[in-house]
Amino acid sequence: MGLLFRLRVIRQVQVVATVAVGGLNVDQPPSRPIWRPDRAKGQLLRPDDYREWMFLSAGYGMNYSPSPGSHEMFTNVFVQSWAYQKFVSSGKWPEQTMFVIDERDAQSKGSINKTGHFQTDLMGLAVEVKDSSRFPETWAYFAFDADGKTAEAMPKGNSCWSCHDAHAAVEHTFVQFYPTLKPVAKKFGVYDEKREQVTDTK
């Protein structure tokens, strides 16, 4: 019994050590390239593992410039775990931070559901990247089709960049819509309170 107990303790220590060492990886930028090198400016590679990243928030039918008859979808926001940890510890997004907005169609009737809406098919991905080594404006924006593998940065002065620059509460990110990060940003004094005010974006 004494030997068996010691073996169990050793095994538990090994598991804890493995988790601790593995945990260091979440604090590091990705080792694989995120750009295709076969073009002068490169194309962003689709981040296929984004559903394993840190989930920040979800919205339904969000539209900053609403128009009649617009297609209402669910939007799910993810950011890399290592970038999330950097932000939590510093209040600043590191270089190569990538946000993915997973855009999914909505359905109200299905199976046992009687009210409300649930998510269905992927409609596309909207991606935001911080990389000052490639973009003079630091932040760049990309749009992927549902099955797209690469995407080019939107042209300089695009509506996404302008909207984030004018209305995002922290750098170019809408932390005002991310309930777990809002108190973090306030703690580090990087949260722009006036960006919470209701405004006309037209």
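**Exercise 1. Disulfides**

How many disulfides does this predicted model hold?

*Solution.* Start with the cut-off: a disulfide needs a pair of cysteine sulfur atoms within 2.5 Å. Now take Cys160: the nearest cysteine sulfur belongs to Cys163 and is 7.6 Å away, and Cys160 is in no disulfide. Turn to Cys163: its nearest cysteine sulfur is that of Cys160, also 7.6 Å away, and Cys163 is in no disulfide either. The count comes to 0 disulfides.

**Exercise 2. Cysteine exposure**

Decide for Cys160 and Cys163 whether each counts as buried, partly exposed or exposed.

*Solution.* You need two limits here: buried means under 20% relative accessible area, and exposed means over 50%. Cys160 has 29% relative accessibility, so this residue counts as partly exposed. Cys163 has a relative accessible area of 19%, so this one is buried.

**Exercise 3. The largest nonpolar core**

Find which elements give two or more residues to the largest nonpolar core, and which gives the largest share.

*Solution.* First, the core itself: 22 residues belong to it, and those with the most contacts inside it are Leu56, Trp93, Phe99, Val170, Tyr178 and Leu181. Next, the elements: β4 (74–79), α2 (81–90), β7 (139–145) and α4 (182–187) each give two or more residues. Of the shares, the largest is that of α2, with 4 residues.

**Exercise 4. Around Leu56**

Which residues is Leu56 in contact with, leaving aside its neighbours within four places in sequence?

*Solution.* Work along the chain. Leu56 is in contact with Val77, Val79 and Tyr84, then with Phe99, and further on with Tyr178, Pro179 and Leu181. To finish, look for a second, separate core: this one has 16 residues, including Leu44, Met98, Leu125 and Phe142.

Notes: Residues numbered from 1 in each chain as written. Predicted model: local features only at pLDDT ≥ 70, side-chain atom pairs only at ≥ 80, totals over all residues. Heavy atoms only, no water. Core = buried A, V, L, I, M, F, W, Y, C linked by side-chain atoms within 4.5 Å. Buried < 20%, exposed > 50% of the residue type's maximum accessible area, 1.4 Å probe, protein only. Contact = heavy atoms within 4.5 Å.
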